[in-house]
Structures are given as structure tokens and as C-alpha cells.
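I opened this notebook to record what I looked up, entry by entry, in the structure shown here. My topics are aromatic pairs, nonpolar cores and salt bridges.

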Amino acid sequence: MTLKELKIKTNVVKRIYKEHLAYGKEAQDQQKRIDKLIEENADEADVRKQKEVLEETFQMIPDVKQRFAKAYKDLEDKVEDPQYEGSDELQEARTVLAEYTIEE
């Protein structure tokens, strides 16, 4: 595997991690929106539709976690390869592995 491929795998982990954060924020924002609609005695159909959107968001989170776990494992395997020793790409990959985790 080339240094370019290591860099790609590192960026995949970063991207999926950001996606996970975005879904978490979206779920929080959606819940606030629902709470506000209920507070304002909004139409029940509107509230129900917003709850469906929230449920769809929750359904995406396990998928993102699974993709992250796979990408993380792939990157872990690649940093063990001695051909990358001393490269900036390897240092970046190790930094990403140390900083990016998703709790279950």
C-alpha cells in the first residue's frame, strides 16, 4: 500500500467521525424542534412528522458507528506496516487513531 492510500484511510476515519458528530447534533436539534412544537401546541401531524425525522436520524447512528469501527480497524492495521515508518502520513494516522473514538 502506498502513502497515498494510508492518507486516504486516515481521511475516511476523519470524515466518518465528523458524520457521526453531525448526526448527534441533528438529533439534538430535532428534539428541541419537537419540544418547541409541543410547547406551542402545534398541529399533531406536524409533531408526528418531526418525530419521524428524528427516528430516521436515530436509525442512521448505528450505521455510522459500524462504518467508523470498520474504517478505524482498517487504519489500525495499516499503521502497523513497517514501510510507513518515519512518514508524516503515519504520524497523522497515529494522531487520528489517538484522538478519534466513538463511544458505544
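**Entry 1: aromatic rings**

I began with tyrosine 17 and phenylalanine 68, and found both of them buried, keeping in mind that the model I am reading is predicted. For the rings as a whole I noted a count of three aromatic pairs. One of these joins tyrosine 17 to phenylalanine 68, with 6.1 Å from centre to centre and 50 degrees between the planes, which is recorded as tilted. The label follows from the angle, because planes under 30 degrees apart would count as stacked and those over 60 as edge-to-face. Since tyrosine 17 belongs to helix α1 (residues 3-39) and phenylalanine 68 to helix α2 (residues 44-79), the pair ties together parts that are 51 residues apart in sequence. I then looked for a wider grouping, and wrote down one aromatic cluster formed by Tyr17, Phe68, Tyr72 and Tyr100.

**Entry 2: nonpolar cores**

Which residues touch the most other members of the largest nonpolar core? I listed Leu6, Val13, Phe68, Leu75 and Val79, out of the 19 residues that make up this core. The elements giving two or more residues to this core are α1, α2 and α3 (88-99), and the largest share, seven residues, comes from α2. I followed up leucine 75, and, leaving out residues up to four places away in sequence, I found that leucine 75 touches Leu6, Lys9, Thr10, Val13, Ala93, Val96 and Leu97. There is also a second, separate core of five residues, among them Ile34, Leu37, Val47 and Leu54.

**Entry 3: glutamine 30**

I next checked a polar residue, glutamine 30, which has its place in helix α1. Is glutamine 30 buried or exposed? Its relative accessible area is 3%, so glutamine 30 is buried, the cut-off for that word being under 20%. When I set aside neighbours within four places in sequence, the contacts of glutamine 30 were Gln50, Val53 and Leu54.

**Entry 4: salt bridges**

How many salt bridges does the structure hold? I recorded nine, and took three of them in turn for a closer reading.

In the bridge between aspartate 29 and lysine 25, the N to O distance is 3.1 Å. Both residues lie in helix α1, four residues apart, about one turn of the helix, and aspartate 29 is partly exposed at a relative accessible area of 29%.

For arginine 67 and aspartate 63, I noted a salt bridge at 3.2 Å, N to O. These two are separated by about one helical turn, because they sit four residues apart in helix α2. Arginine 67 counts as partly exposed at 28% relative accessibility, and aspartate 63 is likewise partly exposed, with a relative accessible area of 29%.

The bridge from aspartate 74 to lysine 70 has its closest N and O atoms 3.4 Å apart. Here too the partners are four residues apart in helix α2, so about one helical turn separates aspartate 74 from lysine 70. Aspartate 74 is partly exposed, with a relative accessible area of 25%, whereas lysine 70, at 56%, is exposed.

My last note concerns shared partners: salt bridges of that kind join Arg15, Glu19, Asp63 and Arg67 into one network.

Methods:
Residues are numbered from 1 along each chain as its sequence is written. This is a predicted model: local features need pLDDT of at least 70, side-chain atom pairs count only at pLDDT 80 or more; totals for chains, interfaces and linings use all residues. Side-chain values use heavy atoms; hydrogens and water are left out. Rings of Phe, Tyr and Trp (its six-membered ring) pair if their centres lie within 6.5 Å; planes under 30 degrees apart count as stacked, over 60 as edge-to-face and the rest as tilted. Buried means under 20% relative accessible area, exposed over 50%, partly exposed in between (1.4 Å probe, protein chains only). Contact means heavy atoms within 4.5 Å. A nonpolar core is a set of buried Ala, Val, Leu, Ile, Met, Phe, Trp, Tyr and Cys residues joined through side-chain atoms within 4.5 Å. A salt bridge is a side-chain nitrogen of Lys or Arg within 4 Å of a carboxyl oxygen of Asp or Glu.
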